[in-house]
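Q: I'd like a close look at one part of this protein before I go back to the bench. Could you walk me through it, residue by residue?

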Amino acid sequence: MTGYRAGGRRAWAVLAIVLVAEVMDLLDTTIVGVASPAIRDDLGGTYSTIQWIAAGYTLAFAVGLITAARLGDLYGRKRLFVIGVAGFTLSSAACALAASPGMLIGFRIVQGVFAALLIPQGFGLVRAAFPPEQLGKAFALFGPVMGLSAVAGPVLGGALVDGDLFDTGWRMIFLINLPLGLIALIGAIVLLREDRSPDEGGLDPIGAGLATAGAFLLVYPLVQGNELGWPAWIFGCLTLGVSLFVALGWHLVRRSRSGRTPLVMPSLFGKRSFSSALVVGVLFFAGMSGLMLALTLYLQIGLGFSALRAGLTFGPWPLGIALGAVIAMGALVPRFGRYVIIGSALVMAAGIAGVWLTLERAGSSVSSLDFAPALFVSGLGMGGVVSPFFDIALGDVDDDEVGSASGLLNAIQQLGGALGVAVLTSVFVSLLGDLAPTPEVYTEAAQKLLLLDAGLIVVLAGLSFLLPPRARPESAVPGTAPDLEGATASASAKA
């Protein structure tokens with residue numbers, strides 16, 4: 001089936017089901033950041049435990065996205081959506097019941113796998129439910145709903161942890177997924193109709209395996225290296241990870257030349273503008289995800305903020321993103337193209353530098369209100385970067401490459417988040433030193449990390465001159481652009 005009755009109630013019910021599932025995933029992502037110190041206090045573990053709770057999810061999400069989208073094409077988007085919702089809901093319950101850090105990390109990885117199955121199907125199901133003339137109205141609801149979820153996520157997470165409902169503590173951040181998941185699951189089974197578009201090329205299991213192994217061998221040593229003292233085998237893992245990505249490139253070319261569909265079309269890497277977009281995407285999502293998790297640790301562990309207070313402290317950030325995105329897409333991008341990304345990145349860097357200045361002036365006695373102006377400016381710049389980024393990144397991509405390029409950008413978004421959590425949080429922990437750090441030591445480490453991240457964003461701004469000058473005219477068509485939660489989730493500590 002490729003369409004429901006135009007404007008019918010069933011079509012809007014389909015949209016509601018997809019939005020519930022998207023909100024469930026986004027809330028889970030943004031809530032975990034502010035809860036991570038409480039999780040560590042309860043289950044034990046080290047800073048790397050907190051990193052893996054975040055990075056394990058996003059890493060599994062990243063490596064599963066491209067293959068999952070093709071699975072929906074082959075076996076049916078409704079089927080994959082139902083499996084994804086059911087698996088995500090059950091793994092959320094398993095996370096809530098975890099009795100050790102290892103169990104929680106394992107279940108978070110499972111969550112990421114089912115999220116990868118779930119999220120790519122939503123846009124296709126909505127496209128199938130509405131006639132073309134109503135798609136714009138339907139997809140217009142994604143932005144506000146995702147934005148509201150991102151703003152509410154950290155605050156809700158803090159409230160759930162501090163509220164200790166039914167004596168569950170941090171576990172309620174996962175239990176809240178159960179009613180949402182049940183609603184989405186029942187609605188999907190009853191209301192969704194199967195939709196598929198078979199891909200004659202089938203799957204690419206070797207490519208998926210190389211990508212998975214390579215990504216793991218990059219993230220694992222970066223998370224564990226500082227804790228283990230950077231032994232030689234850690235660097236061996238990094239080398240092997242890079243080698244596997246080189247092997248993946250060779251495999252993609254070979255498979256494409258043989259007439260079979262590769263995991264990603266290798267011709268994309270021959271386009272300088274798109275390859276530059278991949279680098280910019282990794283730097284952007286890594287810089288934001290790693291910084292926000294480190295700042296969460298700083299506020300709660302270093303300064304003693306409660307989970308709720310930390311969530312409220314970050315509130316101006318996603319609010320700035322929402323405003324920045326509206327200004328960029330509504331007035332600036334149609335006229336200035338990639339220069340909006342460049343200018344917005346510099347605004348974002350200025351905002352991050354403003355957070356540094358806030359700490360320089362207030363020190364460890366800093367208040368939530370002190371952070372608000374600089375965080376808002378940072379969010380304003382981030383909204384101007386992320387809202388046009390995906391469309392502009394596709395600017396020089398050929399028509400037959402759009403699907404593959406969109407899937408790769410989705411994966412880069414998640415992989416960048418995992419790498420950022422691994423690298424920047426490890427840097428922050430290493431700056432604390434071996435002795436029991438004081439609030440002043442935490443503040444000094446946070447300031448150094450802020451300067452590092454601001455410099456990273458400036459480099460990103462420079463590389464953005466290599467992006468396509470304009471977006472593809474058709475890139476606004478629903479389904480060609482990557483995951484809508486990227487902007488908000490990364491801003492809310494994709495962790």
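In which helix does Ser48 lie? Please start there, then go on to whatever else helps me picture the fold.

A: Happy to help! Please keep in mind that this is a predicted model. Ser48 lies in helix α2, which covers residues 47-75. With a relative accessible area of 5%, Ser48 counts as buried, because the cut-off for that label is under 20%. Its side chain makes a polar contact with the side chain of Glu227, at 2.5 Å. Setting aside neighbours within four places in sequence, Ser48 is in contact with Val223 and Gln224 as well as Glu227.

From there, let's move to helix α14, which spans residues 338-362 and holds Glu360. Thr358 is found in helix α14 too. How do these two residues compare in exposure? Thr358 has a relative accessible area of 13% and is therefore buried, whereas Glu360, at 47%, is partly exposed. Once neighbours within four places in sequence are left out, Thr358 is in contact with Gly363, Val366, Asp370, Phe371 and Ala374. Glu360 has a polar partner: its side chain makes a polar contact with that of Gln447, at 2.8 Å. Glu360 and Thr443 are 83 residues apart along the chain, yet their C-alpha atoms are separated by 8.8 Å.

Thr443 comes up again around Tyr298. Not counting residues up to four places away in sequence, Tyr298 touches Thr443, Tyr442 and Ala446, along with Leu303, Leu359, Gly363, Val366, Phe371 and Phe428. Gly363, Val366 and Phe371 are also among the contacts of Thr358, which links Tyr298 to the part of the chain just described.

Tyr298 also belongs to the largest nonpolar core, a set of 112 residues. Within that core, the residues touching the most other members are Leu104, Ile173, Val219, Phe274, Phe284, Tyr298 and Phe428. Helix α11, residues 272-302, supplies the largest share, with 16 residues. There is also a second, separate core of 31 residues, which includes Leu15, Phe88, Ala115 and Ala138.

Finally, a word on cysteines, since you may be wondering about them. Cys95 has 0% relative accessibility and so counts as buried. Cys237 is buried too, with a relative accessible area of 17%. As for disulfides, the count comes to zero when the sulfur atoms of a pair must lie within 2.5 Å.

How values were computed: Residues are numbered from 1 along each chain as its sequence is written. This is a predicted model: local features need pLDDT of at least 70, side-chain atom pairs count only at pLDDT 80 or more; totals for chains, interfaces and linings use all residues. Side-chain values use heavy atoms; hydrogens and water are left out. Helices (H or I, at least four residues) and strands (E, at least two) are DSSP runs, numbered from the N terminus. Buried means under 20% relative accessible area, exposed over 50%, partly exposed in between (1.4 Å probe, protein chains only). A polar contact is a pair of N or O atoms within 3.5 Å; within protein, one must be able to donate a hydrogen and the other to accept it, and residues adjacent in sequence count only if both atoms are side-chain atoms. A nonpolar core is a set of buried Ala, Val, Leu, Ile, Met, Phe, Trp, Tyr and Cys residues joined through side-chain atoms within 4.5 Å. Contact means heavy atoms within 4.5 Å.
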